[in-house]
Every structure is written in C-alpha cells, then in structure tokens.
Amino acid sequence: MNPRSLKPVLGAALAMALSAGAFAQKTQLTVYTALETDQIKAYETGFNHVVPDVEIKWVRDSTGVITAKLLAEKANPQADVVMGVAASSLALLDRQAMLEPYAPLNLDAIMSQYRDKKSPPAWWGMDVWGATVCFNTVEAGKKNIPKPETWKDLTKPVYKGSIVMPNPASSGTGYFDVTAWLALFGDDNGKGGGWKFMDALHENIAQYTHSGSKPCTMASNGEAVVGISFEYRANTNKAKGAPIDLVFPKEGLGWDLEAFGIMKGTKKLAAAKKLADWASSKDAMLLYGKNFAITAQPGVAAPLPNVPADYEKRLVKMDFNWAADNRERILAEWNKRYNAKSEAKK
C-alpha cells in the first residue's frame, strides 16, 4: 500500500482515538430527581457549560416514587446524587443515614431556613415550590361554580366532583398539602381538625392523581374545575393561555423545597461535589428563578407574573424533620381514608 494512502486512515484513527479518550474521561453521575421534565435540560446545559467532564444520567419520577425507590435501594444505592427532590424526603433519607454531608462552595449564600441545620449539612434547598389552586373560569362559568378564596371553601357542596388533587404518597405537592392542613387545622393522630377538613374535602374530590402537575393540567384542559397544584405549573399553564385563575387560599400555603443531597457511599464523590457546587451557585439560582418565585439564595428570582409579590409571607411554617418522622403514619392514615379515589397506577 502506498504510504501516502495510509495518512488519511491513520489521521482518522488518531482522531477517533482522541475522541474516544475524551469521552472516556467523562464521569457519569446518576442523579435521581423529581424536577419537571421541562426544567431538566436547562439545568443540565448550565452545569455542563461550567463542568463539561461530568455527564448526568437522570432518573426521574414523582417525589413519592423517587423517595420510595431510594429507601428500597438503601442496602445497595444506585444514585450518586439526589437533586430537585423534596427536602422532607431528604430529611427522611438523612434520618436513615443515607446522605453524605457536604458544604458546597456557595452554602453561605443560602438562607438558613432553606437548608439542613447541621454543619456540614446533609441537604440544602434550591428553591421553594408551594401550593396553588388552578381554577378554570370557563368551566366554572358553565356550572355556576364560584372562585374559592380559602381551603375551607373547597368543602362546600357546590364543588362536589369538581376537584382534583395529588396523592400525597406519590406526590411531594400532595404531601405538603396534607402536612400544611394538619399544621393549620390540627393533627391529633388522625382525630384533629386537619383530618376533619380532609374528610369534607374528600366528598368533593373527583380524583387523586400521582403527579403534582396533573391537577393543574386537568383544570387547564377543562377536565376539572379546580386543580390543587403548585405555582410553577399554574404560572406556566396560564402563560400559555390556559383559561385559569391562580388562587392562593387565605389560611396559608403548604410548601417544600426542591433540595439537593449526595448519597453516602457514592463512588463518584468528586463529581457529585462539582454538581453540588454548581447547583448552589448564583448561576444555578438564576435558572431556578425562571421557574419559581423563591430561590434559596435571596434576591435572585425575578417576580413571576401571576404569583403575588408577598408569596413568601403566605407560606405556612413547615418542619421538615417532623414531616419526615411522621410520613409513614400520615400516609397510612391518608390511604386508609381516601385512597379509593386515586387514579390507577400505570
């Protein structure tokens, strides 16, 4: 063979080898998440712009499903990182000694109420997501149903069969609704006012969904008049032209944090710390602020057009450790009373 003819072959082989070598140097990080699918790409792009040598393998599901999966895998963890999962769930993982404490580079910029109190913390918050009712004005007009102003309004007979909300066992949104109602109206181990409120609400529920977004989407599509959901999906759907009003019940709003934690025992600790450092940065907070009214770093999020300026003041006082410690009891009681109206699991 002519030596000259070997040059392009050798050049191509060298290029392939270099490319393969560059790819091989990337660390693949398995990240369990409950982030909305329409948020993930922007966060991944932002991270890889700063840290190109770490590739994220996302495993996504609703909060309750991800939490159950992590607990089931306790003896043999498959995730390296948990990102965008409820702080109440991460507090539960921490109770089970499943998280690797780490103080990211930007921890000091995160407000104390939005992070684990230990030093170094087992988890810390990215942003707040909170309760919002999506109210379809067109369908309500057809049925002469008034716009609610309070949670207790939703127990009135006029709303019978018109309300959908998330199942708290599968949805983080559903769980913070339930814990907020117990905080507002009373728990008393299944006998308090919070349970009496949910008994009355249950009479008007058409279906419990397995997603926190779905009730708002159902209201937006006219499948329901009232969808108990959260502000990101509500604000986004309204911005796309859905005929909904956003209602923020006057008694107070349940909420949780999309939070971050590193799994204990990960073999990719250095890469996990790189993601933690980026996810706690102002650049990351600016991305979160495009979706949520409150970020864990203050003064970063721009106002959302359909969310009130005093939104943060409307949030009820939440104790994530209490929510973690009482999760099993609360969900058992909730399932016993209300699960018959849950949508079938796929």
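Student: If helices (H or I, at least four residues) and strands (E, at least two) are DSSP runs numbered from the N terminus, where is the place of P120?

Tutor: P120 belongs to the loop between β4 (99–100) and β5. Before we go on, this is a predicted model, where local features need pLDDT of at least 70 and side-chain atom pairs pLDDT 80 or more, while totals for chains, interfaces and linings use all residues. Residues are numbered from 1 along each chain as its sequence is written, and side-chain values use heavy atoms, leaving out hydrogens and water.

Student: Got it. And what kind of peptide bond joins S119 and P120?

Tutor: A cis one, with omega at about -5 degrees. For background, most peptide bonds are trans, and most residues other than glycine have a negative phi.

Student: Which residue here has phi near 60 degrees, then?

Tutor: That would be N144, whose phi is positive although the residue is not a glycine. Look for N144 in the loop between α5 (137–143) and β6 (163–166).

Student: New topic! How many disulfides does the structure hold?

Tutor: Just 1, taking a disulfide as a pair of cysteine sulfur atoms within 2.5 Å. The partners are C134 and C216, and their S to S distance is 2.1 Å.

Student: Left-handed or right-handed, and why?

Tutor: The torsion about the S-S bond of C134 and C216 is about -90 degrees, so this disulfide is left-handed.

Student: And which parts does the pair tie together?

Tutor: C134 lies in strand β5 (residues 124–136) and C216 lies in helix α8 (residues 214–221), so the bond links parts that are 82 residues apart in sequence.

Student: Nice. Now helices: how do the axes of α7 and α13 cross?

Tutor: Helix α7 (residues 193–204) and helix α13 (residues 327–338) have axes that come within 11 Å and cross at roughly 35 degrees. Axes here are lines fitted to C-alpha atoms, for helices over the stretch in contact, with angles from 0 to 180 degrees between N-to-C directions.

Student: Which hand does the crossing have?

Tutor: α7 passes α13 in a right-handed crossing, where the near helix is turned clockwise from the far one by less than a right angle (anticlockwise would be left-handed).

Student: Which residues meet there?

Tutor: On the α7 side you will find W195, M198, D199 and H202. They meet I330, E333, W334, R337 and Y338 of α13.

Student: How do the residues of that contact divide by class?

Tutor: The contact of α7 with α13 has 5 nonpolar, 1 polar and 3 charged residues. Ala, Val, Leu, Ile, Met, Phe, Trp, Tyr, Cys and Pro count as nonpolar, Asp, Glu, Lys and Arg as charged, and the others, Gly among them, as polar.

Student: One more spot I clicked on: where is G46 found?

Tutor: Try helix α2, which covers residues 37–50 and contains G46.

Student: What is G46 in contact with, leaving aside its neighbours within four places in sequence?

Tutor: With those neighbours set aside, G46 is in contact with W278 and L287, and contact means heavy atoms within 4.5 Å.

Student: How many residues apart are G46 and G193, and what about in space?

Tutor: In sequence, 147 residues separate G46 from G193. In space, these two glycines are 45 Å apart, C-alpha to C-alpha.

Student: Thanks! I'll go and find them in the model.
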